[in-house]
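This briefing covers a metal site and backbone conformation in one structure. Please consult the sequence and the coordinates alongside the notes that follow.

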Amino acid sequence: IPESEESCPVCGDRVSGYHYGLLTCESCKGFFKRSVQNNKHYTCTEQQSCPMNRTQRKRCPYCRFQKCLAVGMKTEAVRADRMRGGRNRFGPLYRRDRQIKLQRADYQTNVAPYRIKMETTIWHQSPLTPHDHYPAEGLTSLPLPYSEQLPLTGHPQEKCHMSFDYHTASTSHAMHRTVSETYTTRSTQASSSNANIVDCDPDHASPLGPFSSFLTPNFLDALIESEQDESQLCAKVLSSLQREQANRGKHDCLNTFSIMCKMADQTLFGLVEWARNSALFKELKVEDQMVLLQNCWSELLVLDHLYRQVTYGKEGLLFLTQAQIEVSTIISQAGVTLSGLVSRTQDLVAKLKALYFDRKEFVCLKYLVLFNPDVKAVLNRRQVEQTQERVNRALMEHTRQTHAGHADKFGQLLLRLPEVRSISLQVEEYLYQQMLHTKHN
DNA sequence: TACTCAGGGCCAATG
DNA sequence: CATTGGCCCTGAGTA
Ligand SMILES: [Zn+2]
Ligand SMILES: [Zn+2]
């Protein structure tokens, strides 16, 4: 059933089954076969980047064949002897792929919505006071640097620097407090957001919505101001880990990898909260809020991780909130999935560092990923589209103004999003495996 | 052994 | 004429 939903990665047409390595449509199957069998060499009359879709795929065989190869169609699967029927060596690959897709579908439709539902229920049941919202707030008044040692088990030789230092993550917390509070203490009935926002924000009251009175140059600033301070999120994640550890005995400690999973879990919680607190997001219908979050939660998770690595991470170290782990340790001790994930991520971190990826851009990318008009079940597509375009313009403007020396930083940033998406799918897969694994114990 | 499903081939339609 | 793509035939691997 799920593969009837899939569309051909080459041209977007309906998929007819696995062909030469992956799910493709019938026409691309035939095209690829003929091209390989007859050893075709096409040429492109344009810039070798012709659009590929159902109606235009015939226009440029060169670009079509390049795309076939790019998405992973395998020339080895075309038989030189033209033997018909039977099976080839890709059989097991197809089986694995099917399994993974099933798992992913199961996770997407059962687990992720459940989580989000749970979180929204909590949200609606208890209108949050600022104090509840930041359970770790007291930590900000502690003398800095505040350090603590989390007992770790697992691999005794493993050099795992688990010292917690608020100095690095803490910035001008007090400055943003007031802004954050006005947002978080609002009634959270998102469906009637307009009235609430006008109520709480008389300065910006407008019949067209809370942001319509912001002039475009201030749009991004307004977005940034409403962002929760980084240290608050870190503190929340950490305090929850400490609670978890406190509930366990001294001799029943979490190992590093469980800690990473728990961190991801808590961060996800925080990201859902982030979205639900954002004024742009509140303008959407609750139904659309749900489907958008269900679509991008893992991408947000990856983006969040990337930003933390770029800003706080040191070379060769994986920075987890306040803990640092040597990347080489993970690569050598984790399974193939996780180590692959970590190395792909670190590659991306290096690229972003080279671009001097900043906080404003990070926030913009989060919004671009969240307001994805391509999500199938979205009701008000126009609204999502407009918001995405708006953020997109803001990002373009920002990169043009503040990074004038760096040609096309805007384009470079957008080009990283497909890789983020790809990593996020792998993350979902990994988390799903972990879930099954822990369930069986 | 019956069934599956990804290979190959066929051929009307298209230009 | 060459190319396309929907449909059908085949047969090794699988339950
Ligand atoms: Zn196709
Ligand atoms: Zn082309």
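Helices, of at least four residues, and strands, of at least two, are DSSP runs numbered from the N terminus. By that numbering, Tyr356 lies in the loop between helix 15 (336–354) and helix 16 (359–370). The model is predicted. The points below take up the zinc site and then two tyrosines with positive phi.

**Zinc site**

- The zinc ion (ligand 1) has as its protein donors the SG atoms of Cys8, Cys11, Cys25 and Cys28, which lie 2.2 to 2.4 Å from the ion.
- The site of the zinc ion (ligand 1) is tetrahedral, with angles of 102 to 113° among the four donor atoms.
- For four tetrahedral donors, the ideal angle at a metal is 109.5 degrees.
- Along the chain, the donors of the zinc ion (ligand 1) follow the spacing C-x2-C-x13-C-x2-C.
- Cys11 belongs to the loop between helix 1 (2–5) and strand 1, and Cys28 to helix 2 (residues 26–37), so this pair ties together parts that are 17 residues apart in sequence.
- Cys11 is buried, at 5% relative accessibility, and Cys28 is buried as well, at 0%.

**Positive phi at two tyrosines**

- Most residues other than glycine have a negative phi.
- Tyr20 has a positive phi, near 55°, and is placed in the loop between strand 1 (15–19) and strand 2 (22–25).
- The relative accessible area of Tyr20 is 13%, so Tyr20 is buried.
- Tyr356 likewise has a positive phi, of about 55°, although it is not a glycine.
- Tyr356 is exposed, because its relative accessible area is 63% and exposed means over 50%.

Notes
Residues are numbered from 1 along each chain as its sequence is written. Chains are lettered from A and ligands numbered from 1 in the order in which they are written. This is a predicted model: local features need pLDDT of at least 70, side-chain atom pairs count only at pLDDT 80 or more; totals for chains, interfaces and linings use all residues. Side-chain values use heavy atoms; hydrogens and water are left out. Buried means under 20% relative accessible area, exposed over 50%, partly exposed in between (1.4 Å probe, protein chains only). Donors are N, O and S atoms within 2.8 Å of the metal (3.2 Å for Na, K and Ca); water is not among the atoms, so sites may look incomplete. Four donors count as tetrahedral if all angles lie between 85 and 135 degrees; four count as square planar and six as octahedral if opposite donors are over 155 degrees apart and all others between 65 and 115; anything else is irregular.
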